[in-house]
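Me: Could you take a close look at one part of this model for me, the spot where aromatic rings meet? Then please work outwards from there into the rest of the chain.

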Amino acid sequence: MTVQAHQPEPLLTCADVRVRFGGIVALDGVSLSVPRGQVVGIIGPNGAGKTTLFNCISRLYSVESGDIAFENASLLSTPRHRIADLGIARTFQNVALFESLSVRDNVIVGLHSRSGCGFLSDSLRLAASRNVGPLHDRVDELMDALGLTKDANRMVRDLPFGTRKRVELARALASDPKLLMLDEPAGGLNHGDVDELRELIGALRDTFDLTVLLVEHHMHFVMKLCDHVVALDFGKKIAQGTPAEIQQHPEVIRAYLGGAA
């Protein structure tokens, strides 16, 4: 008799999600679940629908049919400005930081959903009272966890790309999310920075009790970091499983991996 290991309950589920842009079907009945406390990766060629799915989860795009649920409640009627309040944070393919602000002030911007501020100007007013109160203790904690303390007062425009990536991560974590969504976090990094980022994300998952969903092209990064991997191709899910299972899956090899792990 085979005893199955207990699987954590899903934090996020996508059920038969379909998205169309004009005559192009971007997502064609995609279903997946993201178990609480795990790191789940989404892979696939360019145009497979990975970022489209991310944009649906964060309510930037509308879903034609199907459902997306977070903690068993549908997200489809949730306004996009309320997504962070639910406990969902994300980064983007292109790092989008405030170049003329310091590292600390960029992280402070991420506090807006916790402080009840509805506008960027309200978030930035927090910077005027820096080092005061529990919110700023949170900023200090995050900068320490991401190795940014020494750069706290440097302008973002003066930072190397790898450090900017960590600032964006800190800003996303400032809202105290349950689900952290990372869109190509290893993009543009050199080999050493990729390995460092992989270890950092794993440590952040444990330290801050996170569930992580990421889109990534860097296969070594995905296979070493993720507990579970979902493969998309032409808007359809073609495979899901552990990294070892995905590396051996014939459809994934044909569509994306080209026989190389």
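Reply: Let's start with Tyr-61, which has a relative accessibility of 31% and so counts as partly exposed. Keep in mind that this is a predicted model. Phe-21 falls into the partly exposed class too, because its relative accessibility is 39%, and that class runs between the 20% limit for buried and the 50% limit for exposed.

Now for the rings themselves. There is one aromatic pair in the structure. Its members are Phe-21 and Tyr-61, set edge-to-face, with 5.3 Å from centre to centre and 80° between the planes. These two come from distant parts of the chain, 40 residues apart: Phe-21 belongs to strand β1, while Tyr-61 is in the loop between α1 (50-57) and β4.

That brings us to the strands around the pair. β1 covers residues 10-21 and β4 covers residues 65-70, and five bridges pair them in the antiparallel sense. If you want a spot to check by eye, look at Thr-13, which has Ala-69 of β4 opposite. Zoom out a little and you'll see an open sheet of four strands, paired antiparallel and ordered β2-β1-β4-β5. The edges belong to β2 (24-35) and β5 (73-74); each of them has a single partner strand, so one of its sides has no neighbour in the sheet.

Further along the chain there's another antiparallel pairing to look at. Strand β9 (residues 228-233) is joined to strand β10 (residues 236-241) by five bridges, with Leu-232 opposite Lys-237 of β10. The two strands make a hairpin with two residues between them, and Phe-234 in that turn has a positive phi of about 50°.

On to the helices, beginning with α7. This helix has 13 residues and spans 19 Å from first C-alpha to last, close to the expected 18 Å. It is mostly covered, with 11 of the 13 residues buried; among them are Arg-164, Lys-165, Arg-166, Glu-168 and Arg-171.

Arg-171 deserves a look of its own. Its place is in α7, residues 161-173. Although buried, Arg-171 has no salt bridge: Glu-168 is the nearest side chain of opposite charge, at 4.6 Å, and the cut-off for a salt bridge is 4 Å. Leaving aside residues up to four places away in sequence, Arg-171 touches Ala-96, Leu-97, Phe-98, Asn-106, Val-107, Val-109 and Gly-110.

Another residue of α7, Val-167, is buried too, and it leads us to Met-143. The C-alphas of Met-143 and Val-167 are 8.1 Å apart in space, with 24 residues of separation in sequence. Met-143 sits in helix α6, residues 133-145, and counts as buried because its relative accessibility is 1%. Beyond four places in sequence, Met-143 touches Val-103, Arg-104, Val-107, Leu-148, Thr-149 and Ala-152. Notice Val-107 there: Arg-171 touches Val-107 as well.

As for the whole chain, you have 11 helices and 10 strands. Some 49% of the 261 residues count as buried. Among contacts with a separation of 6 or more, 65% are between residues at least 24 positions apart. The ring pair we began with links distant parts of the chain too, Phe-21 to Tyr-61.

Key. Residues numbered from 1 in each chain as written. Predicted model: local features only at pLDDT ≥ 70, side-chain atom pairs only at ≥ 80, totals over all residues. Heavy atoms only, no water. Buried < 20%, exposed > 50% of the residue type's maximum accessible area, 1.4 Å probe, protein only. Lys, Arg positive; Asp, Glu negative; His and termini not counted. Contact = heavy atoms within 4.5 Å. Pairing = 2+ DSSP bridges. Phe/Tyr/Trp six-rings, centres within 6.5 Å; stacked < 30°, edge-to-face > 60°. Expected span 1.5 Å × (residues − 1).
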